[in-house]
Amino acid sequence: MMIPNQSFFFIFFLSIIFNTLASPTHQRDALLEFKNEFPFNASDPRAPSEAPLSSWNTSSDHCSWEGVTCNAHSSEVISLFLEYTYLNGSLKANTSLLKLHHLHHLTLYNCDLIGEIPSSLGNLSHLRHLNISDNNFLTVGKIPSSLGNLSRLTVLDLSDNPSLIGESFMVIPDLTSLSYFDISDNHFKSKLPSNMSGLHNLEVFRVNSNSLIGNVPTSLFTIPSLRLVSLSENQLEGPLEFGNTSLASELPYLDLASNNFNGPISESISRFLKLEFIDLSNNSFTGPIPGSMSKLVSLDDLNLSYNKLEGRVPSFLWRMSTLMLSHNSFSSFEELSQAVVNGSDSDPGSNSFQGPVQFDLGSNSFHGSLPRWICKRTSLALLDLSNNHLTGSIPSCLMNCTASLGYIILRNNNLSGFLPDIFTNATKLRSLDVSRNQLSGKLPKSLINCTSMEYLNLKVNKFKDTFPSWLSSLGSLSVLFLGSNAFYGPISSHLGFQSLRVIDLSNNSFNGTLPQDYFVNWREMASVGEKDGFTSSDGIDTFMEHMGGGIYEDSMDMMYKGVDTEFPLILLMFKAIDFSGNKFTGRIPKSIGMLKELRHVNFSRNAFTGSIPSSLANIKNLEALDLSHNKLSGNIPRDLANLSFVSYLDFSHNLLQGPVPRSTQFQRQHCSSFEDNLGLFGLEDICGSVHVPHPTSGDSHQSEEFSSEEAEEALSWKAAAIAFGPGVFCGLVIGYIFFTSHKQTHKVHGKARLNHPGGIIIVS
């Protein structure tokens, strides 16, 4: 029998042992061991200037260390939150974190972790929050099934680990306390669990940007606690059913974009009465928009673009702040009800939704006139009705919207009449595209008020006016297309277009001479641009505009390297001049050589005379030069051989003479690029055997001198061509289509025969 004093000392002794095992020193040592699992390599170029976790040392209380939170009474570590910490190593299977038995929260976000996710993490039985996203974990097969042991886990975030592949959902059914699940931006390829109804606490389900396959289980949408579902950018398929349940749904956000869903949009989508955002774009949904969606009175942002939907667009959609219906087969707009006209709650002109309004209805089959109800959306920021079959005039009532409009995109319709004078208050208008219509008359002078204008495309219409030199006062104007209209007269501009990157005046009736200093003030084309920015086209400088979370990009089409080419974006470094197909006379201005960042120059099909300006050789990034069909004389400047990026040259149908410069770039050209120039010689490497009158002795001496000087350059530029390729745009234009109306090809003894003013060219 133990006496009272002995009992007291025994209990005291046990308490000492317990406190020692769970002492702050024990917790501190575990953290220091964890730190030492990741030795700092200062020589690594990715390493920060200071070693990570430098505050973790024995001179201070571990509860004050970076990212560490302790229980206020016991000093036990309950939370470890590390983000942007350069650990640069793998979590060991026996990591010292396992000694932190009371750890509730573990975040190792963007810590450069590699290797596999250790299954031993499933032993942290008190863990409620696990975030190891934005690392480089590698898992081939499955997420460790031991994570299913974490019965208290409410947050599991494994997103942005691009080396995670295999199956991903084996642990899900066991985590019944889970409220937040995120495995987005990985490479998981598996099916969703067939039954998800047991996840009755789930609020956020983000599995987008993987390679998930199969159907979406109806049970997912029966979870009443859901707040966000994002399944976009996978390979999910089949018709989509949302199920029936008596439980009220609180779901406001549904993103199913970029999958392989098909069939009609289910009428049962209307049971999610709290929906504010729906994105079903880039699928294969068919049929009309279900009328039951009119019950979704909170819906403000709807994207159904890039599907196979058809029929009328119901009028209840005009209350949206963002409506994206492009690239479908919609044919008409449902007429607004009398209640709407009288101003009910569903009036598209009501102010129930704040912020900019965006309507993208492009690339459908709409016909008839522009709907007048558009004019009621006084906060309209984007209007895109391009690539449809709309007729009639542009309504002048759009003036009600121009104070807020940033984009008006009406290209490729059959609109006629004048461009209305509606731009007096259009100070926010950044992009106006009415190209490829039947518009006529003069340009409205109110365009001068568009002080934010960067992109103006009036191409392929019937405008008949003098050159709008007054547009040079728009300091932000970067892209100007006036091509294929009936503009006429000289194009003098005292100020110049200081911000222009791209100008297309082709196929008009502009005439007169251009002063030699004409391009002196075109400063943007002379300055180096942002190499990877955009104006709006996938090739050199795109203006990407963010409006209420949306991005809209300009596009363009122009003759490039002899081919009519469409650019879906306009890269900021793409700078181009196209004055072709007009009636310009006199000499090409020498000041063109000041525009050193030009990529494309086209002065073809005019009546320019005199010599080719040698200053063109200053445009070191030039990729395409077309001077054909003029009356240019003299030699081709030999310094043009030094243009290492040029891949398209056309000097045909001029009065040029003398030797053709020798370089890899010239030798790559088609023979037709030099035809109909009686005095040119030195084409053997380009056209094969050339039979032309022998040059005079003076010309022979000049040619011999040119060849000796150029021999070394030709070799050096061959090497440069191998390094640089045919130019920055080689990937945008796959090949050329050369067509010359004066060229005739015959067969002569199995060889191609080309009529040439200077003789017969035989090409082996």
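**Three disulfides, a core and a sheet**

Let's start at a crosslink: Cys-671 and Cys-687 are joined by a disulfide, S to S 2.0 Å (a disulfide being a pair of cysteine sulfur atoms within 2.5 Å). The torsion about its S-S bond is about 100°, so this disulfide is right-handed. Cys-671 is buried at 9% relative accessible area, and Cys-687 is buried too, at 1%; here buried means under 20% relative accessible area, exposed over 50%, and partly exposed in between, with a 1.4 Å probe and protein chains only.

Keep in mind that this is a predicted model: local features need pLDDT of at least 70, side-chain atom pairs count only at pLDDT 80 or more, and totals for chains, interfaces and linings use all residues. Residues are numbered from 1 along each chain as its sequence is written, and side-chain values use heavy atoms, leaving out hydrogens and water.

A search of the whole structure turns up 3 disulfides. Another one links Cys-375 to Cys-397, S to S 2.0 Å, and with 55° about the S-S bond it is right-handed. Then there's Cys-63 with Cys-70, sulfur atoms 2.2 Å apart; at -100°, that link is left-handed.

Now for the inside. The largest nonpolar core (buried Ala, Val, Leu, Ile, Met, Phe, Trp, Tyr and Cys residues joined through side-chain atoms within 4.5 Å) has 174 residues, and Trp-522 is among those with the most contacts inside it. Trp-522 touches residues including Phe-497, Ile-577 and Phe-579, where contact means heavy atoms within 4.5 Å.

Conventions
Lists of a residue's contacts leave out its neighbours within four places in sequence.
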